[in-house]
Amino acid sequence: MATASVESLPSDTYKVRWALNVSGLAEIKEPGQQVKVTSTLGSKDVTINGEKVTIKGLAQTQAGHVPFLYLEPKFKNNTKLEHQIYNGNPVNEEVANGQWWVGRVSPVEVGIRLARDPGLIMGNYAVCQPPEMEPLEPGQWAEFVLVVRNVSGNVDQWMYEWDLSNKFNQKFGKKFKQRDIGNDIIKGPPRSPIPPIAYYIIKRTSQGKFFLIPEEAFCSIDLLLSHYYTHLLPLKGEKSVAKQPYPLFLQGTSRFETVPHTFPKPMLGDLSKPEYHTKERSPIQLLVGGPVKGLDQYKPRIAKKILVQDQEQRESLFKAYLFYNGSYKPVTLRKLRPKLFNRKAFEKNIKRLTDIEDKSRANLAKAQPGCHRNGSNFLSHIVAYGYHEDVKFANWVAYEFIAGTPLDRCLQRRKYLNQFMSLRQKSEILYQVSAGMRFLELNGLCHRHLRASNIIVNQSTNYIYAVKITDYLVPYHFLDEDVAAMSNLSDLDWPWWAPECLKDHCFDIVTDIWAFGCVIFEINHDGLGPYAFQKKRPQSHNDLQAIFDRKEKMVIVQEEEMDTFLEELLFMCVSYEPESRPTFDYLFNFFRALLFDFAVGPDPAIQKYIKKPPKKFVHQQRAK
């Protein structure tokens with residue numbers, strides 16, 4: 001898509017950006033095919049997906065009619081036809097190069113990449129298609145996220161200077177003139193600066209057009225981006241520029257060194273529903289190491305030094321390299337504790353994973369209930385497992401190795417360094433956790449022991465964290481409903497357990513919601529475990545049962561004695577009534593609206609999901 005190669009083409013000759021296969025239009029089999037334009041046509045009616053559609057702006061070529069939107073733009077227009085084509089698709093030259101498209105990546109990861117580069121300036125941007133936001137139903141339009149650099153230069157230095165000015169205002173603000181500093185649109189406590197990265201969900205109209213606000217809808221993403229080179233990006237619903245907290249417009253792509261992508265096609269007309277070619281997708285893969293085989297068949301190279309010792313289950317974790325899918329790859333090898341291992345429950349839980357894989361392969365044509373990939377990118381997937389009569393590793397599970405730090409240790413380290421998280425930082429972590437847990441929920445799975453130590457911070461700056469969930473389902477197979485009552489649970493970590501875990505030995509996605517509330521507690525209190533502030537802190541699961549019997553509320557410590565939406569969300573999750581706990585789908589949609597819709601701002605999401613929640617939630621796994 002390099003502009004230079006386009007400008008070197010003969011007059012009225014263009015490259016076609018995408019393949020085209022619509023009856024009544026030119027047949028373009030491969031992107032990049034050259035066509036010679038001989039005339040233009042104002043509009044033409046064609047049939048797309050069985051719908052009659054009017055396409056505006058077409059070029060007559062030797063191959064047939066090609067929409068202006070499909071032609072790679074020229075910016076040195078020497079002929080009348082070239083001027084007509086450009087006026088019908090007035091794309092900015094930087095946008096036309098397509099270097100802003102980074103593909104199917106989470107917006108948080110894109111934000112980390114943008115924040116890390118000190119050479120970027122305010123307005124540099126990228127666009128991604130988050131896998132976790134993929135439509136759940138075939139009739140829904142796919143959405144995208146515009147990720148924009150909000151400050152210029154070194155983010156750490158900018159944040160440091162804001163912190164100095166904020167402390168000055170707090171200490172001397174009543175005696176001297178306060179320094180003018182910008183604050184986050186998500187209001188604390190604590191007060192926090194303008195975020196280094198701004199996020200905009202690129203929404204879709206009912207006919208598929210792209211927009212940030214409904215009044216400004218476009219046929220293609222590149223036209224939308226071009227518009228915001230010369231117009232301010234909307235912010236917090238403010239139409240008046242004077243009332244916006246800070247001005248922001250696009251200027252320059254992100255310069256990512258990524259494999260070239262073909263960014264999303266433009267809309268050729270108004271369609272009532274999308275048609276996705278999901279057959280081209282790879283199936284869901286939860287056991288990434290291929291067919292089950294003995295550990296020795298993976299040609300293991302296992303480190304002699306223990307990576308970590310799980311004090312709770314008294315299990316050893318080793319870093320190892322296993323040979324699968326044609327090469328050696330790093331894994332975390334977990335030796336399962338014989339005392340808690342139950343082969344029947346272990347095989348049952350593995351089958352739950354393989355059933356989803358089989359269902360995914362059989363139903364690639366369209367989305368199916370209990371077969372969704374949304375959020376799987378936030379999980380550390382199982383590579384291999386076994387229960388072989390080996391001297392050292394009789395029962396084992398190997399997970400993808402995630403380089404990073406457990407979230408609880410990360411929080412404790414920040415407290416030691418006197419670095420405290422803003423509400424936005426906390427919410428970004430919880431968004432990713434809720435997305436990963438939503439994947440389990442949508443597919444009828446669960447974690448059974450969600451807590452901060454099972455969440456790994458694998459990418460970060462000082463202000464943005466990317467996380468993955470590990471050790472879900474299989475390591476805790478002994479908590480399966482068929483065998484939990486027979487397992488000795490007295491020496492396990494119980495503070496994250498819901499009342500029904502102790503009373504009924506029930507560990508499922510609904511008790512995971514309670515554990516998610518405990519993770520909010522850990523994040524809000526610098527890595528301290530649940531019940532750290534109870535008048536009488538529980539020392540055993542019997543003490544915890546006594547707390548439950550008294551319906552005692554979890555005690556929290558508030559910053560500046562003020563409630564925030566996270567405290568309210570915590571108490572929603574740790575409700576003694578299971579049907580009053582939100583679903584992970586609800587939590588995901590709340591954080592998605594809170595964090596990634598700068599055009600609207602966070603207040604509507606807080607009002608909708610926190611201030612006015614449903615009185616009861618339907619949890620499908622419990623409803624069966």
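Trainee: In what sense do β18 and strand β19 pair, and over how many bridges?

Mentor: Good place to start, and keep in mind that this is a predicted model. β18 and β19 (residues 465–469) pair in the antiparallel sense, over five bridges. One bridge joins Q459 to its partner A466 in β19. The two strands form a hairpin, with four residues between them.

Trainee: Which other strand pairs with β18?

Mentor: Strand β17 (residues 405–406) pairs with β18 (residues 455–460), in the antiparallel sense and over two bridges. There, P406 stands opposite I456 of β18. As a general idea, side chains in a regular strand alternate between the two faces of the sheet.

Trainee: Now for empty space. What is the volume of the second largest pocket?

Mentor: The general idea is to roll a probe the size of a water molecule over the atoms, which shows where empty space is left. Here the second largest pocket has a volume of about 1,000 Å³. Its lining counts 42 residues, with D163, R414, Q419, F420 and M421 nearest the centre.

Trainee: Which element gives the largest share of that lining?

Mentor: α5 does, with eight residues. Elements giving two or more residues include α8 (407–416) and α9 (423–442). The lining divides into 18 nonpolar, 11 polar and 13 charged residues, and both domain 2 and domain 3 supply at least three residues.

Trainee: Where is confidence lowest in the protein chain?

Mentor: Where pLDDT is low, the predicted coordinates should not be read in detail. The lowest mean, 55, belongs to helix α1 (residues 3–7), while helix α14 (residues 584–595) is highest at 98. The chain averages a pLDDT of 89.

Terms used:
Residues numbered from 1 in each chain as written. Predicted model: local features only at pLDDT ≥ 70, side-chain atom pairs only at ≥ 80, totals over all residues. Heavy atoms only, no water. 1 Å grid on protein atoms, 1.4 Å probe; cavity = no way out; pocket = protein on both sides within 12 Å on 5 of 7 lines; lining within 4 Å. Points joined across faces, edges and corners; volume = space filled by probe spheres on them. Nonpolar A, V, L, I, M, F, W, Y, C, P; charged D, E, K, R; others polar. Domains from an automatic or database assignment. pLDDT = per-residue confidence, 0-100. Pairing = 2+ DSSP bridges.
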